[in-house]
Each structure stands twice: as C-alpha cells, then as structure tokens.
Amino acid sequence: MTPHATSTDPVKALSESRADSESPHTSDAATTPLDGVPSAHSLTEHFLDRLERIQEDAVAVSRVLPGAVARCVQSGGLGEALTPAVERALLLISRRNPRSLAEALTPSVGAALRRSLWASMFHFFRRVNFWMLQHVSMKGMQWRMEAQRSGKSFDEVVTEHTQDSPVRQVFLIHRETGLVLQEAQSLSTSSPQDWDIISGMLTALQDFIHDSFNLNQDTPLETIKVGDVTVLIEQGPYAAVAGILDGSMRPEYATRFKDACSRIHGEFSKELSTFDGDTAPFDTCAPYLDSCMHNLINPDRLPILPQTMLVLLLPFLLLATWTLPGVVDSVRWKNYVLHLADEPGIIVIDHGRKDGAHFITGLRDPLAANPQDLLVQAGFTPSDVSSHWEPFQGLSSTLALARARRLLDPPDSVVLDMRDNVLTLEGTATRDWIRSARESLQRWIELDKFNMDGLSISNAGAQSQWLRFLKHIEREPGLSVITKGIDTDGRFTIVGLADPLARTPDALLAETGLASDEVVQQWAAYQSPDPRIAEKRARHLLNPPESVNLSVRDGVLHLEGEAPAPWIRLAETLSKSIPGVRSLYVDHLVNTDQRNLKQAIGRIEKNVFQLLAGAPDLRPGQADKLTQLTKDIAQLRRSARRNNIDFLIEIRGHTAPTGATQRDTLMAESLARSFLELLSRRSEDTRLFTRRSLGSTPPDIGGATLDKPDDRLVSFKVLLLD
Amino acid sequence: MTVIKKKVCMLGAFSVGKTSLVRQFVTSVFSDKYLTTVGVKVNKKSITLETTDMDLLIWDIYGEDNLQSISPSYLRGAAGHLLVLDGTRRETFDIAVEIDEKIERLTGKVPIVVLINKCDLEADWEITSEAIEKMEARGWRVFCTSAKTGQGVEEAFKTLAMAIY
Ligand SMILES: Nc1nc2c(ncn2[C@@H]2O[C@H](COP(=O)(O)OP(=O)(O)O)[C@@H](O)[C@H]2O)c(=O)[nH]1
Ligand SMILES: [Mg+2]
C-alpha cells in the first residue's frame, strides 16, 4: 500500500500519486495545480482525466485482487484483518434485511433444530426412566440396601451400576504418515500390542479401500467393526482421532471424538502442519484424548421400566379410551369400503354416515361377490347399514373399460381398448405390471375376452443383455462378483474383483452389446487362485523356455520337458508366490545342465593314457586324445558351475608289476604326477586335480591291462563334492 | 530422551527380497499374510542413534508388477526409502531407476539407500563394480546385503536412519 492512501485529503492524494507515477499522463504536468493557479477550463479537464484514471485503476486492481487475496491467505493474517469488516457487514445485513440471512441459514439450522428436538425428547424420557429406576423400582431398593450395607453413598452405588467406560484406547494419528502422535488408554486396559504398527496398517487399509472403490479421499471411514471390537475414526484435515471401543458404536462417542478432533486441530494447527517425526509437542493434547474416554451412562444397563412407560403414556391412554369405540368403528367401515372397491364387478358410488348409521350405494355385476356377505364378514349387522346396489351387466359398454382401468391402474404407456367385446391391451410396461395385470384379468373375465399380445416389456433387451453379461463374468476365470444390482437412475451396477490376467469386464460387456454407460462398474484388482489364471500367471512369471511344457492341475504346477539348472532354481522360488499353486511337480523335468555334467564325466572317465617308460611324457599318437580330454574338462567345469556343484578330478597312476609292491606304488604315483605336469603345461588349472597311486592294479576300464612290462598308464575318476 | 518417529518404504522389483530384508531386521509379531490381502504390511524397529532414539515404521509392499502397485498413498509422508535390487538379476537395476524417477515425480526428492541383495549367491552374481559406481554417481548410497546371512542389513537401515534424522 502506498502512503498516499492514508492521506486525509483525497484531491491531494490523487495529485501526489499522479506526480510520482511514470505513466505517459505525466507529460501534461503543466495543468497540475502545482504549476500555480490553473484556468477553470484546465481544472475541469484535469478532473475528467482523473475520473477516467480512477476507473481504469479499478479495472486493473480487480484483475490482481483474487491472486493477492490468495497470497494473503497463504501467508496468514488476512482473516484477522478482515474480521472486523465482516462482522460489521453481517450486523448491517441482519438489521436491514434479516430475511435473506434467515433464508441462507435455514437449511442447516432447520435440520439441527429437528435433531436437537428429537434428542431432547429422548433425553427427557431417559431422565424420567432414570428417576423411576432409583425411586420406584426393585432395583432402586436393592441399591439403597447395598449403600447401607457397604457404607457408600447412594449416588456412588448408582454410578457403579449404571456407568461404564467402553472406550479402551484413543489415538491421535498423523494422516499423512500414519504415525501415532499421542495415545491415551483407560487404566483398566493392558496393551501388549504395538499401536504404531496398528495405526500404520489402519492407514494403509483406508488407502486400500479408498483406492479399490474409487472413493473420494475425504469420505471418512467412520467405523470398522471386528467381532466385539469397534474402531471409530474421526478424520480431521491433518490428523485423525481413532478409538478402540468394547462393544458397538453410540452417537455420543462420535460427538466426543468430533469435538476432540476439532479442538486439537484448533490448538495444534501449527505443530500438525509441520510435523517431522517429533511427537513431544503433542504431549499436551492428552487431556483431549482422555475426554473421549470419560464414563458414560450405559443405556444397555438401564432397563426401561414398565412404570416409566405407564407414567408417560397415561395421558394418551386416557384420551384413547375416550375415543376408541368410534375410532374402531370408522376404521372397520373404511376397510369394508376399500375391500369392496378392490372386488371385481363392484363399483362404490357413495358412502358415509347419515342419522348415526352407515349407508352405501353403488353398481354391482350380478356375477360379483355379494356386498351383504362381505358386510357380515367385516363385523357389521346388515340391518344397521343402509345398502343400495344397482345391477349392471358384463363387458358390453364403456363402463367395462372404466372398470378395467380401475382394476388394472395401467401406466401411461399402456392403451386399453374394447374391440368386438374383447379387451385389448397395447404398449409397453414393466414385467411386474404385466404379470399382475394378467392375474387380475384371469380372475375377473374369461380368457378369450382379453388380449395382451400387444404388450411388450419395457427395456427387456437391456435386461437380457445384462443377464448375459453376468453369465459371461461367472464363466470367466479371474473375475468374481461381490455385489450387483440396479441403482436409482435405473443403471445396472456391479462391484467385484478382477485379476489383471483375466479378460477385462469391458471386453465382455462389449460382446453382449450392452452400452457401457448403462453399467456402473467398480473392479478392485486381486490375484485369482483359479487354475486357468494360475497357469497364465505361472507362464507370465516363469517365462519358460520352449522345451518346457507347463500346466496347472489340482493346485500342482507341472513342469515337463527339459531346462537349464538356473531356470529350474528360479522356477522353484517363483512358483511359491503364485496364488492357486500349492506345490511343484518336476519329476518329468530334465535338468539339461545335470545331463551335460553326467555326459562329460562319462567321456572323461573312459580315457586311458599310455606314458613313456623313461620320461614324463605321453607315448606318441595320443595328442588328439589329450586335446579332447581338455575340452571335456572345460565342459565339466561349465556344467558343474551352473549346477552349483564342486568337483575334483582324480588322476590315477597304474604300472606293470615290478615285483616289489613298494616300488609299484612309488612308480604309479610318479606317473600321476607326470600327467598333472603335462596338464599344467597346457595351462589347465591344477587346483581341479588330485593324484592317486593304484600301484599295479589295472584301470577299471574294459580292455585296459598291465600285461606288458613297460605298461605305464593313467586313468581318471571324477569326484563330486557337496 | 525424545523419540522421533519416521515412516520409510521398501521399494524394488518383485522378489528381490524386500520382505526378507525386513524380516531379517525386525522381529515381527504380526503375520506376513497382510501383504497379500491388504497389499501393505507395516513393521516397526527402534534404533538408537547418537543423540536420540528413532522408531522406524517400515512399510513393505506386495506386488508382482514392479511399478503399478507403488501408489501415491503408499509413498505419502515417507521420510526416506530403501530401494532394493537383486544382485543376480541385472534387470532389477533398470526397474530401480524407473522407481526412483517415479518417486521423484510423485513426492519429490527424499533420501534413498540402495541395497543390492542376495550377495550370498556369488556364483550367479551379475552386478559389476562399474555398475555400482554408476549407481553411486546417481547420488545413491549403495550397500551389498544378504537377507540370508544378515550381511550389511543393519548398516543399510542405520544409514537411512541417519540420513533422515
Ligand atoms: N539366497 C538369498 N535368497 C534371498 C535373499 N533375500 C531374499 N531371498 C529369496 O528371494 C525370494 C523372494 O524374497 P521376498 O523377500 O519375498 O522378495 P520381495 O518380493 O522383494 O518381498 C525368497 O524366496 C527369498 O527366500 C538373500 O539375501 N539371499
Ligand atoms: Mg514382499
């Protein structure tokens, strides 16, 4: 705000503001009063100009005003600044035009008034009952005796017997994080649970329900009931007050919780909006939470005394005995007349009371029921009633149409007509109306005297499409209906669970041809245990190689064919998390890495090498065989690693017998060493090998002997380690 | 001594070991079945830092779809996140990057600690040290952990606690 706004002289303020503004208007500064005495003409000019600018300013300010107010609201202080002005404005309105104010307030005030009227009547009844209970009942006498016996005051005894504190625990929960800011519990409860966790789960559960059914975030979830325990939640903008109740909800609690919640928000608004994990500032709000747990008179513990009913109803009873006979008689008469009007073939024209007696006149088809009989049934004596009935005949006239109309009460969409003595009905109506019309007509006239072929069911097409849609959903695995019905706009509604792997309900809907705006759908995602879906999910999750055949039967996931070891391990882990799959059957699944491992071992162990007698080298002609051996060893290493298996290759030395066992052993040992040496020269990893001397025992391989004196052999054995 | 309470979230691809890590870190009295029914399970662990005690409320999420189940209401109000990768599946790194971007879009930047889990499975290990450098270059604090042996778990959670204190 500029300082000019506070200036007391408006003309001066305007001229000053103009003098220091930098708009083009300043160029005609020669006409301002500052330049000495201006002419009358220039003065007029000046004010016209000024007026125009004030209007322009107003337009400009109006553009920025909403933004400016919004900013003030954010930074605070606007409320305080405006309060006096608003108060004054309200005062003025209420003086000048109280009606408009009243009209604005009536809707909310009216409802509140009704509620409080009802509540105060109820309150009055309860107080009378309570008083009677203490002073004119057996219970009251017992309490008095108890008070005398125990030495307590009568009031104390009454309190003990009639009040309780069913609110066990109360929490203040931070809405955004689900953290407990403060808690209070009644003295009698012990709590082993961790309320932080429960509060977090409660918050997550609320989110889950809100997300699943697309509820607005501000729709409060007021109570959750589990067995004998009720959780009551009162949501505020930043925090919720939640309480655990023994037993069920009563309106008094909601009021208390609401009250506590709004008080806490009033007093702790700053702490709540800036909460960063430190709960210490909320220690002082404990009294508000405690207030939710104060004792309450429990109406369930106060029997409603017959005496109370009697006292309160006495005036009504007296009034009733005074007027009852007349009332009973007139109710009976009314029922009789209504009964006659329902009777086919009878039309009541007039009825009432004349000279203290009932009279009735009307038309009657000779085939219709006898009104006199009905009179007796209704409890009247025929001689006390003056009845006058004119006969009328059959279906031959417009009278018949009128009767039909009266009998059937058709909707506007149905046209009634008489053609060749046949009553015809045409148009559309609901299924129920058509059924009841057919039943009435069948009771009233013969079958060939009416024709309803021209009637069709309104909206029958949509109805059958809807039924088809429901059947499709029922047949579709992975879709499950929770509720279905028709809402007040006549649209079909359906709420259910849908597995993301199932066909979408929209696709099914499209197949039935039912327009999608006729159906309100809410689907929450879930994982269906249906075997067909479980199979899909398994295929999706495991992504099996082409060589594997996958199927789910009776809750068992069957994997057949062949696959590498890492994939099999992954499949074993992942299959545990598929709903609808209890166990895994892999007896017909070949582990290809295992197979490769066995084959490599077989090839390696078939080898026998001949060594030179004198030097650590092979006899000539075995180079290719050695190359093949190193390839097989490489293959063995690969497969073993993929199977998570460790191994050692034992190199065994064998020599032709020399006569001394000791010598044979040493000789064979040095053969194995020589061969290992050979391998290490070919840069094999020597840690994979171990040596063993078999002395003069020949290799356990077909055709290998130690018959010739210079036979020097090595063979192999693969040892698998766990 | 005052107690500070903080909400943190477990994030990461399916089956990387989020639930197992929480189980390793927390002795829980509540069953894991809430994970599949409500989709979320909340656990609590009290940690002693230098000057204060902190209660960590650890939200664990269930979902096989990696990204969709991370909703704004799950992340709302979290002071930090534990982002979990599986050291034997390289693709979980890409998913982690996607999740990181999604968090920043939904709730803005908060401290994140990255756990490369299953480090006991050396034979199938697929993450190289260059990859780890790349993660550190993103500003992540990276730990190699195992929910099976407990290696690195305590340190990772404590580091996050210090970062959000
Ligand atoms: N070897 C090993 N397995 C692990 C480790 N952590 C989790 N797992 C396994 O990985 C699978 C998925 O773990 P889970 O905690 O359910 O993962 P989530 O989906 O991220 O919660 C389970 O079978 C665990 O046993 C680990 O550190 N080492
Ligand atoms: Mg999990």
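## Reading chain B

Helices are DSSP runs of H or I with at least four residues, strands are runs of E with at least two, and both are numbered from the N terminus. With that in hand, we can walk along chain B of this predicted model. Its elements follow the pattern β-α-α-β-β-α-β-α-β-α-β-α when read along the sequence. That gives six helices and six strands in chain B.

How much of chain B counts as buried? Of its 165 residues, 55% do.

## Where ligand 1 sits

Now let us turn to the ligand. Ligand 1 lies between chains A and B, and the space it takes is the largest pocket. Around ligand 1 there are 14 residues, and the closest are K18(B), T19(B), S20(B), D120(B) and A147(B).

Which element gives the most to this shell? It is helix α1 of chain B, residues 18–25, with three residues. Sorted by character, the shell around ligand 1 holds three nonpolar, seven polar and four charged residues.

## Contacts with ligand 1

Zoom in on the atoms and you can follow individual contacts. The side chain of D120(B) has an N or O atom 2.8 Å from a nitrogen atom of ligand 1. For A147(B), the partner is in the backbone: an N or O atom there lies 2.7 Å from an oxygen atom of the ligand. K148(B) also takes part through its backbone, with a polar atom 3.5 Å from an oxygen atom of ligand 1.

How much of the ligand does the protein cover? On its own, ligand 1 has 590 Å² of accessible area, and the protein covers 76% of that.

## Q151(B), a loop residue

One of the residues of chain B that you can look up next is Q151(B), found in the loop between β6 (141–144) and α6 (153–164). Is Q151(B) buried or exposed? Its relative accessibility is 45%, so it counts as partly exposed, because that class lies between the 20% and 50% cut-offs.

Q151(B) can also be placed relative to D120(B), which we met beside the ligand. The two are 31 residues apart along the chain, and their C-alpha atoms are separated by 8.6 Å.

## A buried aspartate in chain A

Over in chain A, D329(A) has its place in helix α11, which spans residues 306–342. Why does D329(A) count as buried? Its relative accessibility is 17%, and buried means under 20%.

The side chain of D329(A) has a partner, too. It makes a polar contact with the side chain of R353(A), at 2.6 Å.

## Two positive phi angles

Here is a backbone detail to look for. Most residues other than glycine have a negative phi. D554(A) is not a glycine, yet its phi is positive, at about 50 degrees. You will find D554(A) in the loop between β17 (548–553) and β18 (556–563) of chain A. Its relative accessibility is 67%, so D554(A) counts as exposed, because exposed means over 50%.

N644(A) is not a glycine either, and its phi is also positive, at about 60 degrees. This residue lies in the loop between α20 (623–642) and β22 (646–655) of chain A. With a relative accessible area of 47%, N644(A) is partly exposed.

Notes. Residues numbered from 1 in each chain as written. Chains lettered and ligands numbered in written order. Predicted model: local features only at pLDDT ≥ 70, side-chain atom pairs only at ≥ 80, totals over all residues. Heavy atoms only, no water. Near = heavy atom within 4 Å. Polar contact = N/O pair within 3.5 Å; in protein donor to acceptor, adjacent residues only side chain to side chain. Areas by Shrake-Rupley, 256 points an atom, 1.4 Å probe, with all protein chains shown as cover. 1 Å grid on protein atoms, 1.4 Å probe; cavity = no way out; pocket = protein on both sides within 12 Å on 5 of 7 lines; lining within 4 Å. Sits in = over half its atoms within 2 Å of the grid points. Nonpolar A, V, L, I, M, F, W, Y, C, P; charged D, E, K, R; others polar. Buried < 20%, exposed > 50% of the residue type's maximum accessible area, 1.4 Å probe, protein only.
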